[in-house]
Amino acid sequence: AYFVYMELIKEGIDSKLIVEEDYDVSLAERCRRVNAHKDAVLISIHLNAAGNGQWMLARGWEAWTTPGKTKSDKLATLLYEQAERHLLGMKIRKDLSDGDPDKESNFYILKNTNCPAVLTENLFQDNKEDVAFLESQEGINAIVNLHVEAIKKYLYEG
């Protein structure tokens with residue numbers, strides 16, 4: 001998230017980290033911070049996990065929005081387009097049942113913010129191959145670039 005933030009600043013895009021602390025900040029506080037900004041767009045950046053402390057086989061990238069058709073769907077679709085471009089050969093996990101690729105859930109951070117909001121799961125922290133990629137400069141660049149390019153397209157291409 002910090003590298004995405006820094007790249008957006010370099011591009012001249014007003015950007016904020018909603019958690020700058022070195023400790024966990026409650027979801028309610030995170031939502032309050034986002035909602036304090038007019039015309040905000042939120043991307044909550046995460047790593048996925050499939051197990052409970054052991055190496056697992058699940059792999060891939062995915063994005064989540066709230067259920068139904070919302071402004072978040074457009075941002076999520078742009079993120080998917082960039083993920084397919086930057087994560088060549090990686091599994092891109094989709095749910096096309098409603099006509100767009102994002103998965104849907106009422107995650108607190110998505111449901112309680114007043115702006116387009118997408119939660120990305122950027123590969124699996126309990127898969128050896130995904131972790132090796134995420135720790136590489138290639139992997140870091142891919143994750144950062146897919147987020148930055150999708151945000152730019154969303155902001156500038158409408």
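The exercises below, each with a worked solution, concern a predicted model.

Residues are numbered from 1 along each chain as its sequence is written, and side-chain values use heavy atoms, with hydrogens and water left out. Because the model is predicted, local features need pLDDT of at least 70 and side-chain atom pairs count only at pLDDT 80 or more, while totals for chains, interfaces and linings use all residues.

**Exercise 1.** Work out in which order the strands form the sheet, and which strands stand at its edges.

*Solution.* Begin with the terms: helices (H or I, at least four residues) and strands (E, at least two) are DSSP runs, numbered from the N terminus, and two strands pair if DSSP finds at least two bridges between them. Next, follow the pairings: E1 and E4 are parallel over 6 bridges, E4 (residues 117–124) and E2 (residues 61–65) are antiparallel with 4 bridges, and E2 and E3 (residues 103–104) are parallel over 2 bridges. The 4 strands therefore form an open sheet of mixed pairing in the order E1-E4-E2-E3. Finally, E1 (42–48) and E3 stand at the edges with a single partner strand each, so one side of each has no neighbour in the sheet.

**Exercise 2.** Describe the surroundings of strand E2, beginning with how many of its residues are buried.

*Solution.* Buried means under 20% relative accessible area, exposed over 50%, and partly exposed in between (1.4 Å probe, protein chains only). By this rule 5 of the 5 residues of E2 are buried, with Trp61, Ala63 and Thr65 on one side and Glu62 and Trp64 on the other. Then look across the strand, where Trp64 stands opposite Leu119 in E4, and Thr65 stands opposite Glu104 in E3. From E2 the chain crosses through helix H3 (residues 71–86) to E3 in a right-handed β-α-β crossover, a term which means that, with the strands pointing away from the viewer, the path from the first strand over the helix to the second runs clockwise.

**Exercise 3.** Find what the side chain of Asp126 reaches.

*Solution.* First locate Asp126 in the loop between E4 and helix H5 (128–135). Its side chain reaches the backbone nitrogen of Ala50 at 2.8 Å. Beyond its neighbours within four places in sequence, Asp126 is in contact (heavy atoms within 4.5 Å) with residues including Asn48, Gln54 and Val131.

**Exercise 4.** Decide whether Ala1 is buried or exposed.

*Solution.* Ala1 lies before helix H1 (2–10), and its relative accessible area is 56%, so Ala1 is exposed.

How values were computed:
A polar contact is a pair of N or O atoms within 3.5 Å; within protein, one must be able to donate a hydrogen and the other to accept it, and residues adjacent in sequence count only if both atoms are side-chain atoms.
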